[in-house]
Amino acid sequence: MDINEFYFLAKLAAQICNSKISLITNLEGKDQKPIAEFGILPDQLSSLVTFSSQILGPTKDILIIENFHTDLNSNHTAVFLKDFRTQFFVGVPLVSEDGSVWGVVSILDDKPKTLNANQLELLQEITTRVKHLIIQKPEDLPTNELILQGSSSHEKTLSLFGTKEAITQIRKLEKDLRASETAFRGNFDNAAVGMALIDENGKWLKVNKRVCEIVGYTESELMQLTFQDITHPDDLNADLSYLEELVADKRRFYQMEKRYFHKNGNIVYIILAVSMVKNEEGRVHYFVSQIIDITEWKLVEQKLKIALAKNQAILDSSTLVAIISTDTEGTITEFNHGAEKMLGYTSDELIGKFTPKIFHIEGEIEERGKLLSTEYNQQFSGFEILIYNAKIGKPNTLEWTHKRKDGSTFPVLLSITAVKQNEKISGYLGVAVDISELKKAEAEIQSLLDITSEQNNRLKNFTNIVSHNLRSHSFGISGMMDILQRTYPEYFQNEMMSLLLGATENLKRTIEDLTAVIKVNLAQENYELIEINQVVQKNLESLALQILESKLKVEVNLQNQFLVRVIPAYLDSIVLNLITNAIKYKAKDRDSILKIVGFRKNKFIEVQFEDNGQGIDLKKHSDKLFGMYKTFHENKEARGVGLFISKNQIETMGGKIEVESTVGIGTKFTVFLPYE
């Protein structure tokens, strides 16, 4: 039995029927065993044998199913391989003279078809030859004849004869060819990239699984299409031009990026490599295409391009900010429009040719290098002086002087940041802002502050002089009035003299009040940490006689070590004023109480002075409660200065004062003072 000839006959049977798959089996025991096949891999044989056996059953006659979909007598599934939907089937049982079935010749295809009489006759001849090969021993076969039967283009039966040596050589070539075809088919079907065979009109002849995965079509669906059907129209002309050059032998292959339309409508980006296989006549047999899906790469590339475009747009739009990037050695790699406008250079003049040193002042770099050397106890030079802090991850924003191309200079605020890739520094990014106007405004403000300070000093001196002189004259007048009253007391029985004496005292008090207010606004006292409880106790002791006479009960609840950061004299004045107010404006119809409590809240120490005195009508007086010379009770001693001075003193120290009051109920002043 010559196995090679069985393979040849299997292939010949498939070709006669213009089909893709054929199979020859032989009965061994009760099972059909494959002898030779064409068009499928060895690991697919068992499925095909089972498929053929199920369709044929026990029949001893030839079975032809021209179209599984329309053959109503067919109860068999048309699928024996996942990607091969069988449409056409021919089964020719090998029946011996005693009527037993030795085996089967089966032919299958994925397209419906009808066999003519000549094709049926050839199949019968192949079947006869297979039976002879099975029942005859190899030595019984003619040694000078190889029965290779087929049909010519005129559908005439052909037989090929040769010598034993020629037959042996042909069989060897056939074996090598079949091995090569098997290897190619295995590589083709299981390749990681898409592979396809395409005819000269663009029709898909064969595709592997990867092609189907890339474009979303099944193999049978692709067989109904051409590559032109799924190619993006903008890429089609280039592809066809390459094909024409390939056919014209202007190139051996071509490779291009192009786009397919996926079955779901999405665009698939691919790399396509195409070569051509010619037939014996030198004409196109088919094109071999290799297809690599690069959709994910292209999408990433598109996102990267968008990000780069946005980055470039930011750089270009920042015309008032210089953005300059360098490599790790300091060579300029980016120089935006803002930098061009600010420094007078074009990007082409500096990129790849200079470092930022070209627009820095040498003296400033040397001075900065000395400071860094002192700070880090090592020597610095060149570009490292500019970027060292950024290199070690520290803030690096400093004022520098930049020098334009024309030699003029201007101040900038420069921030330098290290650019990292995979945690490794790949360069530096400097962002500089021209602060010429800011420095100019700063100088103007400083000039105004100097002028204001000078004017304040003059005003302070003037106020002191006026206050001193007025007080001198006021005391002089009061002294003369006192002497006059003691020397000539009868003069003061005159009403006019009494009024003159009262006016003199009022003038004296007014000057004293104004002097106190001026001292609050112009004083430059030192702040100290003061324990407020001590200040309260000191004032209570000083006012002990008045408190006793007024029968005012004072309750103090202040923590020790309750420290506030204040001007001591101001705090003493504030406490004294609020305690004396409680005495002056106590209620006459009930026992008087003053509660002094304190606690810490947020940024302040809050001290409350709460009495049950006469109270203030805040609806009428709240807007002028702390005004100068504002009084709200018929108290002859009230001058309306105390609360005005206290409020100014509190605010001078960074605090505030609030009041709650009800007529006939009492008043609560809350003083907020900052603590350390």
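This is a tour of two sheets, two helix pairs and one salt bridge, in the order in which to select them.

The model is predicted, so local features are given at pLDDT of at least 70, side-chain atom pairs only at pLDDT 80 or more, and totals for chains, interfaces and linings use all residues. Residues are numbered from 1 along each chain as its sequence is written, and side-chain values use heavy atoms, with hydrogens and water left out.

**Stop 1: the sheet with β10 to β14**

Select β10 to β14, an open sheet of five strands ordered β11-β10-β14-β13-β12 with antiparallel pairing. Strands here are DSSP runs of E with at least two residues, helices are runs of H or I with at least four, and both are numbered from the N terminus. Two strands pair if DSSP finds at least two bridges between them. At the edges are β11 (204–207) and β12 (253–261); each has a single partner strand, so one side of each lacks a neighbour in the sheet. On average, neighbouring strands are turned by 30° against each other, direction ignored.

Next, pick L197. Its bridge partner in β11 is K206, and its bridge partner in β14 is V288. Three bridges join β10 (residues 194–198) to β11, and five join β10 to β14.

Move on to β13 and β14, an antiparallel pair with nine bridges. M276 stands opposite F287 in β14. The two strands form a hairpin with five residues between them, and G282 in the turn has a positive phi of about 80°.

Now add helix α8 (residues 233–247). α8 packs on this sheet and touches β12, β13 (267–278) and β14 (284–293), and its direction makes about 155° with that of β12. Contact means heavy atoms within 4.5 Å. Axes are lines fitted to C-alpha atoms, for helices over the stretch in contact, and angles run from 0 to 180 degrees between N-to-C directions.

**Stop 2: the sheet with β15 to β19**

Select β15 to β19. These five strands form an open antiparallel sheet in the order β16-β15-β19-β18-β17. β16 (332–335) and β17 are the edge strands, each with a single partner, so one side of each has no neighbour in the sheet. From one strand to the next the twist averages 30°. Between β18 (residues 409–421) and β19 (residues 424–434), which run antiparallel, there are ten bridges. One to display is V412, whose bridge partner in β19 is D434.

**Stop 3: α12, α13 and a salt bridge**

Show α12 (residues 362–376) with α13 (residues 383–391): their axes come within 9 Å and cross at roughly 45°. The two helices are therefore oblique (neither under 35 degrees, over 145, nor 65 to 115). I365, R368, G369, L372 and Y376 of α12 meet I385, L386, Y388 and N389 of α13.

Then select E375 and K394, a salt bridge with its closest N and O atoms 3.5 Å apart. The term means a side-chain nitrogen of Lys or Arg within 4 Å of a carboxyl oxygen of Asp or Glu. E375 is in α12 and K394 in the loop between α13 and β17 (397–403), so the pair ties together parts 19 residues apart in sequence. The structure holds 24 salt bridges.

**Stop 4: α18 and α20**

Finish with α18 (residues 568–584) and α20 (residues 642–652), which pack at about 145° with axes 9 Å apart. Among the contact residues are Y570 and I574 of α18 and L643 and I650 of α20.
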